[in-house]
Structure formats: C-alpha cells, structure tokens
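Here is a short briefing to read alongside the model. Keep the sequence and the 3D view open as you go.

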Amino acid sequence: MCTNPQKLQTDCLLLLLQLKLPKLNRTYTWDINVPINVGVEMSFPRGGLTQVNSDVCLDSVTYTIKGFVRLRDVHIGNFCRNGTISKVKIQGKTLLTNPHKWSLCSLSIAELCIVEAVLLKPGSPVYFMTPNWPQGFPDDELMSWKFTFPDDFKANVTLENYTYPQCVKRTVDVYFGPPVMGKMKKLWKNAVVSVQNCEVDKTKNEVLTLRFKAELLSNRYEFDMENVSVTFKQKSDIGSEQPCICSSPDSSKCNSELQLKPGEQANITFHTNCNSVKDIKVEATKNISCTELEMCQVKNMSLSLPSALANLPVDQQIFKWVLNAPHGTTIELVSNRLKLKQSLPGRTCTTNVMYHISTFCKDHSNSIVGTFCPSGAIEKIQMIDSVELEVRTSSGWKIGDLDISLSFVPAITENYIFYVVSDDSPVYLLTPNGELGMPHQGTASWNIVVPADHKAELTFVSSSMPECEIGHTSVTIIEQMEHTDTSTWRETDTLPTNPVNLLGTFWVNVSNCVPERGRHSFLLIFNTLADITQIIIIVAAVIGGLALLTIIFVVVCCVKRRKRRQHQTPVGIYNPGVNANVPGRRWKFGKGRKDNDSHIYAVIDENQIYGPRFNTLRMDSIPEVDVYQPFTGPMGDIAPTPPARRSRPGPEDSFSFPLTCTHRNIETGVGYSAPRACSTILYDHG
C-alpha cells in the first residue's frame with residue numbers, strides 16, 4: 001500500500017509494473033482520497049482522450065473516471081485513447097481505472113469537474129456528455145468544458161440531445177463563458193461551455209442530461225473569384241468601434257469595410273471581438289453578358305453562390321447577377337424545384353432567401369419586376385430587357401434554399417411573361433412595377449395552368465386604370481379551349497368585382513398606354529377548384545357501380561336459395577284444419593285403387609304409441625281407447641268426392657278414403673263402427 005501521495009505515481013506505479021504478473025487482462029484502479037477542497041488533475045499529453053458512450057474501446061484500453069458528491073460516486077465518463085481531451089480535473093475524492101499521470105491541485109476548482117480539450121484542425125466533430133449519462137446530472141452541481149484552438153479558427157458547439165428536469169429551487173442553465181460573481185454570464189466568443197443544475201423534483205422522472213458536439217471551423221477564408229466583386233461591410237448599428245474585417249498577410253490591420261475587385265486574391269479573417277454572423281454583411285456582384293446571338297448558348301445554368309461566399313459565417317448576404325443579352329434574345333429565369341411566390345404589400349415573405357428582380361434598358365430606364373421568395377406557384381419568368389437578379393439571405397439560410405437557373409431563349413413579343421402552375425392554395429399576382437404602375441406602353445402576360453378536372457376562379461382585388469394620351473390599355477382573358485369566349489376590358493371599362501370562372505388553362509394579357517394621368521396596375525388572385533360536374537359524374541358512377549353490385553348479389557343469393565330448395569328432401573306435415581287428402585301421382589302406383597291395399601292400415605299398437613305418455617303422467621292403468629277395425633264395407637271404383645280443399649293438385653292426382661272408427665259404449669261395453677270423423681278418448685276421469 002502506498003501512503004505518500006507525492007510518490008504514488010513513481011514508486012507505486014513502478015512497483016506494480018515490476019511485478020511478474022501473467023499477461024492477462026489487467027485493470028489498475030487508483031482510489032484517490034483527498035479533502036473536498038482539493039482538486040485532482042489528470043493530464044493526457046500523448047494523444048489525449050475521447051469520451052465514448054460505451055464500456056469498451058477498440059484497442060481494449062478504457063479509462064473510467066469517477067468523482068464523489070455527498071458520499072455517492074458520480075460517473076464522469078468512459079474514455080478511449082487518441083482524442084482531443086488533454087486534462088480532466090475532479091473536485092475531491094477521485095476514482096481512476098488504468099494508470100495515467102495525475103497530480104494534486106492546491107486550490108479548489110469550485111466545480112464538480114472541468115474537461116479541457118484542444119482542437120487543432122477542422123475535421124470530424126467531437127462529442128461530450130454530462131456525468132452520469134444518461135441517468136442524470138447531480139443536483140446543484142456545476143461542470144465546464146474548456147476548448148483551445150488556433151487563432152485562425154473558431155469552435156462551433158451544437159446541442160445534440162438534452163433533457164431538462166422540473167426544479168424545486170433555482171433553474172437549469174447552459175451557457176458560454178465562466179460564471180462571474182456567482183451569476184451566469186453568456187459570452188459568444190468564449191470557448192467555454194458550462195452546465196448548472198438545479199435542485200431537482202424527486203417526485204418526477206425528468207433529469208438533466210446533455211450531449212453536444214464541438215467542431216473546429218476555419219476563420220480564414222480565401223477569395224479568388226473571377227468576374228465577381230465582393231464588398232465586406234461592418235454594420236453601423238452594432239455599437240462597437242473595433243474594426244472587424246481583417247485581410248492577410250497583415251491580419252492585425254482591420255477595417256470596417258473591405259472591397260475586392262474581380263480576380264483579386266485575399267485571405268479574410270474576422271476579429272475575435274466581432275460576431276461575424278451578426279456584425280458583418282457581404283455584397284457581391286457578378287456579370288453574365290452575351291454580345292452575339294450565336295454565342296449565347298446558355299441553358300439551365302444554375303445561379304448559385306460561389307463556395308467562398310456560401311461557406312462564410314455571415315447570415316446577411318446580397319449576391320447580384322447582372323444579365324445582359326443581345327437583341328433578339330430573351331432572358332429566362334426558372335425555379336423548377338421550389339417555384340416562386342410574389343411578395344406583396346401586406347403579404348410579405350418570411351423566408352430566409354429573397355429574390356429581387358428588375359429590368360433595365362440602354363437608355364437607363366428601369367422597372368421592378370417584383371420581389372419573390374421560394375415555395376410558390378410561379379415556375380418561369382421571361383423578360384426581354386436586361387435583368388438584374390438580386391439574392392438576399394438572412395439568418396438561418398442554407399445553400400439548399402437557392403433554386404434559380406438562367407437560360408437565353410428566342411425573343412418574345414411581350415415585355416414580361418409569367419408561367420404559373422396553380423395548386424390548391426390561392427395565388428396572388430401583381431403587375432410589374434407594382435403600385436407605381438406598369439411601364440409606358442409595356443405589356444405583360446400570365447400563362448396560368450389549371451390542373452385537369454379543375455376550374456379557376458379569378459378575382460381582381462384592386463385595380464387602377466389611367467387616362468391615356470397615346471394608345472389604349474387593355475386587360476384580356478383568353479381560355480385555351482375550343483368554343484370559349486375572350487373577355488377584354490379597356491381604360492374606359494371597369495374590371496369586374498365578382499369572380500370570373502374559367503375552365504382549363506388560360507392567359508391574362510395586359511398592355512399599357514402612354515398615360516396622361518393616373519397609372520395602370522392591378523392585383524389579382526385566383527383559386528383552383530375541383531369541377532363540380534366531374535365530381536357529380538364520378539359520384540354517379542360510383543353509385544351506379546354499387547347498385548349493379550347489389551343487384552348481382554341479390555340475384556346470386558336468389559339462385560342459390562332456389563337450388564337449395566330443389567335439393568331438399570320433401571317432408572310431410574299433418575295439418576288437422578285441412579282436408580286429409582294426400583296429393584299423389586297415378587304413375588307411382590302400378591295398380592288401381594281396387595287392386596292394391598294402399599288404403600288399408602295394419603294394426604296400430606296403441607300401447608307402443610301412448611305408453612311413454614302414460615308413464616310420464618304416472619297413471620296406474622292404461623285407459624280404454626278406440627280400436628281401429630279394418631274396413632269391410634263395399635268399395636266402388638270411384639273414390640268418394642272430398643270436400644273443398646286448398647291444395648293445388650287436381651282430383652285425378654289425389655286419393656282419399658273414409659275413416660271408420662269403432663266406439664265402445666262405456667255403460668254396456670258394446671262396440672260399434674261408423675264411417676265418420678273420429679274423436680278418440682284417451683281416458684275418462686269419471
């Protein structure tokens with residue numbers, strides 16, 4: 001046993017290593033008992049450690065570190081070799097498995113644990129977990145992770161998984177920077193992550209767990225872009241006099257604005273006292289020109305930000321494309337994947353990517369096509385003049401939010417053509433130049449595609465017609481179906497206020513005059529609705545199909561029931577209320593009535609028939625009953641005529657016979673026979 005802590009790592013470790021132990025799996029456990037106000041520091045200078053969420057490392061060498069809080073052990077974590085963690089500090093008693101260099105701190109670290117990590121170069125993210133993961137961080141405890149990295153880089157910390165408890169006292173807080181005067185101070189630039197737990201409500205199941213990743217990002221950005229001019233500007237409202245934008249080779253000289261001409265190379269860094277995400281904005285411009293028609297073979301060219309700008313940690317960026325095309329060529333902008341939605345007064349877009357489109361001519365006249373954002377119904381815009389496309393990004397934008405491509409196509413007759421693919425949501429469309437009015441003698445068209453089996457409902461929400469000095473204004477609706485009418489309104493007409501119902505795809509054509517006063521503009525909205533006629537036809541077809549199936553089912557059931565009846569064995573049923581004639585067929589009897597004995601009964605054993613009944617009634621003796629006597633009277637060739645009956649067979653197919661009963665006089669005991677209806681007396685209680 002080692003009693004001197006200062007010689008523990010040398011003498012005791014050498015003693016353990018000098019022992020001739022077999023080459024088996026070995027675990028060295030250091031149980032370091034120190035006062036609560038003394039810290040234990042473990043250093044891992046060679047390769048460092050990596051925290052893992054398992055008990056076994058790939059090289060079978062696992063380090064386990066435990067601390068103690070209120071006499072209970074706290075599992076700081078399991079670690080493997082070759083990582084970013086250079087030091088681990090524990091307050092008070094410590095339990096360490098597998099030997100490593102450690103030392104005692106003379107001062108308290110005032111926290112449960114401090115993990116120090118060194119991030120040297122960008123690469124895969126490094127993951128960290130709170131102690132006792134995932135059972136829960138101890139109550140009222142504080143822990144920190146400190147990151148060190150080169151000046152030209154920055155650390156990005158992302159919370160991956162976390163759960164918060166319900167607190168009885170105080171609150172849970174995760175913050176950046178060390179606590180100041182016992183309070184939490186959140187600092188963006190400080191590479192320290194701390195977590196403070198509260199007094200947890202033990203009656204609840206919620207606990208505090210935290211798992212996050214840290215990754216190193218470059219803070220130096222290389223720019224070498226042809227045909228692109230870039231301007232870095234420091235926002236004036238940040239309230240800091242510290243210049244934020246620095247360029248190498250002398251990164252110590254920083255400015256509040258930096259301009260790079262097309263083709264100029266530079267390495268840009270941002271001062272550590274500045275938050276580049278919020279404090280910097282970037283404006284870039286790129287020219288795409290085509291002077292000869294034969295050379296304009298541009299088709300579906302993606303207009304995306306250069307990688308150098310897309311990777312900048314700057315939310316607010318403005319990238320501008322200046323598109324010039326020769327005479328006889330039209331500029332076409334397409335958004336196939338996301339489509340565009342027009343931003344309108346009172347209905348502005350809230351997305352983090354915006355498109356501002358305008359046109360300009362050689363005479364320096366320009367007009368605004370509109371402001372658009374993703375997730376709309378406008379699929380394509382064609383413009384005959386030169387175009388300036390401006391993409392504006394804001395906080396949280398991603399490179400996947402951009403979806404715009406450029407093509408040079410043959411010239412069109414209008415100034416603008418919009419291709420709209422409608423869906424189930426309302427679509428708002430505003431004339432070019434908006435409320436300022438369309439350009440003088442300008443034309444615009446909207447090709448609106450309506451899905452099959454749908455109809456469109458077009459409404460003019462607001463409109464303004466000028467008084468023309470030269471020419472006329474017109475608004476025309478043309479349905480692309482046979483035998484349909486064309487609706488046209490001029491400046492002297494009033495656009496309809498009620499919805500206009502349209503079937504199928506249609507055009508809306510607008511032209512302006514040279515106004516004497518006033519302006520020409522309107523805002524329209526259209527909805528696509530399912531065609532009620534088609535719905536009725538579909539419903540009727542469904543009902544007809546169900547009715548046909550019902551009829552077939554009933555017919556099948558009836559046929560099966562009839563067949564089942566035909567295969568049943570006939571059963572005779574005695575009914576005393578009808579005639580006793582039994583239907584029959586003569587061909588079944590080979591002899592005539594006089595030649596067979598079918599009408600003569602054999603002797604009926606009434607004791608066999610009624611005996612069980614008598615025994616059930618517990619009678620002492622069997623009462624006297626009538627005795628059937630064979631008929632001995634004369635028989636004729638023709639059967640007696642029976643009374644009227646309800647059975648369907650005719651007289652020739654039936655036979656009957658009289659019943660002859662023998663009665664016994666109770667007083668005299670003399671019996672006699674009579675051809676009449678019998679009334680058999682079973683017994684007489686007299």
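The notes below cover sheets, salt bridges, a buried serine and a surface patch. Please bear in mind that this is a predicted model.

**Two open sheets**
- Three antiparallel strands make up one open sheet, in the order E10-E17-E12.
- Strand E10 (126-129) and strand E12 (153-163) each have a single partner strand, so one side of each has no neighbour in the sheet. From one strand to the next, the twist averages 25°.
- E12 and strand E17 (residues 209-218) run antiparallel and are joined by ten bridges. Within this sheet, Leu-159 sits opposite Phe-212 in E17.
- Another open sheet holds four strands in the order E18-E23-E20-E21, again with antiparallel pairing. Its edges are strand E18 (220-224) and strand E21 (254-255), each pairing on one side only.
- Five bridges connect E18 with strand E23 (residues 265-270) in the antiparallel sense, and Arg-220 faces Thr-269 of E23.

**Salt bridges**
- The model has 14 salt bridges.
- Lys-87 pairs with Glu-41, with the closest N and O atoms 3.8 Å apart. This pair links strand E6 (residues 85-91), home of Lys-87, to strand E2 (residues 39-43), home of Glu-41, across 46 residues.
- Lys-87 is partly exposed at 29% relative accessibility, whereas Glu-41 is buried at 14%. Both belong to a salt-bridge network that also includes Lys-89 and Glu-116.
- Asp-140 and Arg-170 form a salt bridge with their closest N and O atoms 2.7 Å apart. Asp-140 lies in the loop between E10 and strand E11 (142-148), and Arg-170 in the loop between strand E13 (167-169) and strand E14 (173-176), so the pair ties together parts 30 residues apart in sequence.
- Asp-140 is partly exposed, with a relative accessible area of 32%, while Arg-170 is exposed at 52%.
- Glu-160 bridges to Lys-213, the closest N and O atoms being 3.7 Å apart. Glu-160 is in strand E12 and Lys-213 in strand E17, so this pair joins parts 53 residues apart in sequence.
- Glu-160 is partly exposed at 33%, but Lys-213 is buried at 18%.

**A buried serine**
- Ser-407 belongs to strand E33 (residues 405-410) and counts as buried, at 2% relative accessibility.
- The Ser-407 side chain reaches the backbone nitrogen of Asn-300 at 2.7 Å.

**A nonpolar surface patch**
- Ile-538, Val-542, Leu-546, Leu-548, Leu-549, Ile-552 and Val-556 form a nonpolar patch on the surface, together offering about 650 Å² of accessible area.
- Ile-538 sits in helix H4 (residues 532-566) and is exposed, with a relative accessible area of 51%.

Key:
Residues are numbered from 1 along each chain as its sequence is written. This is a predicted model: local features need pLDDT of at least 70, side-chain atom pairs count only at pLDDT 80 or more; totals for chains, interfaces and linings use all residues. Side-chain values use heavy atoms; hydrogens and water are left out. Two strands pair if DSSP finds at least two bridges between them. Axes are lines fitted to C-alpha atoms, for helices over the stretch in contact, and angles run from 0 to 180 degrees between N-to-C directions. Patches are made of residues with over 30% relative accessible area and no salt bridge: like charges are joined within 9 Å, nonpolar side chains (Val, Leu, Ile, Met, Phe, Trp, Tyr) within 5 Å. Accessible areas come from the Shrake-Rupley method with a 1.4 Å probe; for residues, only the protein chains shown count as cover. A salt bridge is a side-chain nitrogen of Lys or Arg within 4 Å of a carboxyl oxygen of Asp or Glu. Buried means under 20% relative accessible area, exposed over 50%, partly exposed in between (1.4 Å probe, protein chains only). A polar contact is a pair of N or O atoms within 3.5 Å; within protein, one must be able to donate a hydrogen and the other to accept it, and residues adjacent in sequence count only if both atoms are side-chain atoms.
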